[in-house]
Amino acid sequence: MKRPEPVAEVKSRRDSALAALVEAVPYIQFLGIRFDRRGDELTAWLPYSEMLIGNPSLPALHGGVTASFLEVTALIGLAWSSLWDDLEAGRIDPALVAAGQLPPLPKTIDFTVDYLRAGLPRDCYARAKVNRSGRRFASVQVEAWQDNHARPFALGSVHCLMPEDAGDGGA
């Protein structure tokens, strides 16, 4: 009988894979977005920075920053859910992922943002929920909040084109 892997090795493998995924998108570093992983659940965190303010007289976060934060959260959440499944099933070599050899990322088809209230000059958090993920199409909902998770300031709906699987010949 095969012994289970030590928890520290499993955690390290998962954290390395997530770091490689996040580092593959330079805009994430530009905005300063970080991701906190608890099991298979991700929470995005956008630390406050003065450069994120769009209206200094309120002050309020720029709407483009809010939209970008939602879209990045949705795409990384969707990519992570696929990568997680492949890593756990042994279909992808964790060492290659940690070295930056990632499967292609999903591409946005359309994106809708509901601005519920102004984003205040403070840290933001977001979480994506994959509603459907098939071979060609995926649908993801994402919500962003600041001080109170039950009081989101923006919601997003993203439809994505999933990358073609190299193994199916594009069929």
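Is Thr108 buried, exposed or partly exposed? Keep that residue in mind; the tour returns to it after the overall view.

**The whole chain**

Start with everything shown as a cartoon. This is a predicted model. Colour by secondary structure, and four helices and eight strands appear in the protein chain. Followed along the sequence, their order is α-α-β-β-β-β-α-α-β-β-β-β. The radius of gyration is 17 Å, close to the 16 Å that the globule rule gives for 171 residues, so the chain is as compact as a globular protein of that length. The C-alpha trace spans about 65 × 40 × 30 Å along its principal axes.

Switch to a surface. The protein chain exposes about 9800 Å², and carbon and sulfur atoms supply 54% of that area. Of the 171 residues, 36% are buried. Colouring by charge picks out 18 positive and 21 negative side chains, with the centres of the two sets 4 Å apart. Among contacts with a separation of 6 or more, 62% are between residues 24 or more positions apart.

**Helix 1**

Select residues 7–23. This is helix 1, with 17 residues; from its first C-alpha to its last it reaches 24 Å, close to the 24 Å expected at 1.5 Å a residue. Now show the side chains of Val10, Arg13, Arg14, Ala17, Leu18, Ala20, Leu21 and Val22, which are buried in this helix. An α-helix has 3.6 residues a turn, so residues three or four places apart point the same way. To see what covers the buried residues of helix 1, add helix 2 (26–31), strand 1 (34–38), strand 2 (41–46), helix 3 and helix 4 (94–98), which are included in that cover.

**The loop before strand 4**

Select Leu58 and Pro59. A cis peptide bond joins the two, with omega at about -20 degrees. Pro59 sits in the loop between strand 3 (53–55) and strand 4 (60–61). Most residues other than glycine have a negative phi, and most peptide bonds are trans.

**Helix 3, from one end to the other**

Select residues 63–89. Helix 3 has 27 residues, which should span 39 Å at 1.5 Å a residue; its end C-alpha atoms are 39 Å apart, in agreement with that figure. Three stops follow along this helix.

Thr66 lies in helix 3. With a relative accessibility of 4%, Thr66 counts as buried, since the cut-off for buried is under 20%. Beyond its neighbours within four places in sequence, Thr66 is in contact with Leu61, Tyr115, Phe153 and Ala154.

Thr73 is also found in helix 3. Its relative accessibility is 3%, so Thr73 counts as buried. Show Phe35, Ala44, Ala126, Arg127, Ala128 and Val142: Thr73 touches these, not counting residues up to four places away in sequence. For a distance label, join the C-alpha atoms of Thr73 and Glu143, which are 70 residues apart along the chain and separated by 9.1 Å.

Leu78 is the next stop in helix 3. At 0% relative accessibility, Leu78 counts as buried. Leaving aside neighbours within four places in sequence, Leu78 is in contact with Pro106, Val130, Ser133, Ala138, Val140, Cys160 and Met162. Gly63 is 15 residues from Leu78 in sequence, and the two C-alpha atoms are 23 Å apart.

Move to Gly90, just after helix 3, where phi is positive at about 80 degrees.

**Helix 4**

Select Leu96, which is in helix 4. What is its state of exposure? Leu96 is partly exposed, with a relative accessible area of 39%. Its C-alpha atom is separated by 22 Å from that of Glu41, 55 residues apart along the chain.

**Strand 5 and back to Thr108**

Finish with residues 107–115, which form strand 5 and include Thr108. The opening question can now be settled: Thr108 is partly exposed, because its relative accessible area is 31%, which lies between the cut-offs of 20% for buried and 50% for exposed.

Which residues does Thr108 touch, apart from those up to four places away in sequence? They are Glu71, Leu75, Val158, His159 and Cys160. Last, label the C-alpha atoms of Thr108 and Ala74: they are 34 residues apart along the chain and separated by 9.6 Å.

Note on methods:
Residues numbered from 1 in each chain as written. Heavy atoms only, no water. Helix = DSSP H or I, 4+ residues; strand = E, 2+ residues; numbered from the N terminus. Expected span 1.5 Å × (residues − 1). Rg over C-alpha atoms; globule rule 2.2 N^0.38 Å. Buried < 20%, exposed > 50% of the residue type's maximum accessible area, 1.4 Å probe, protein only. Contact = heavy atoms within 4.5 Å. Areas by Shrake-Rupley, 256 points an atom, 1.4 Å probe, with all protein chains shown as cover. Lys, Arg positive; Asp, Glu negative; His and termini not counted. Charge placed at Lys NZ, Arg CZ, Asp CG, Glu CD.
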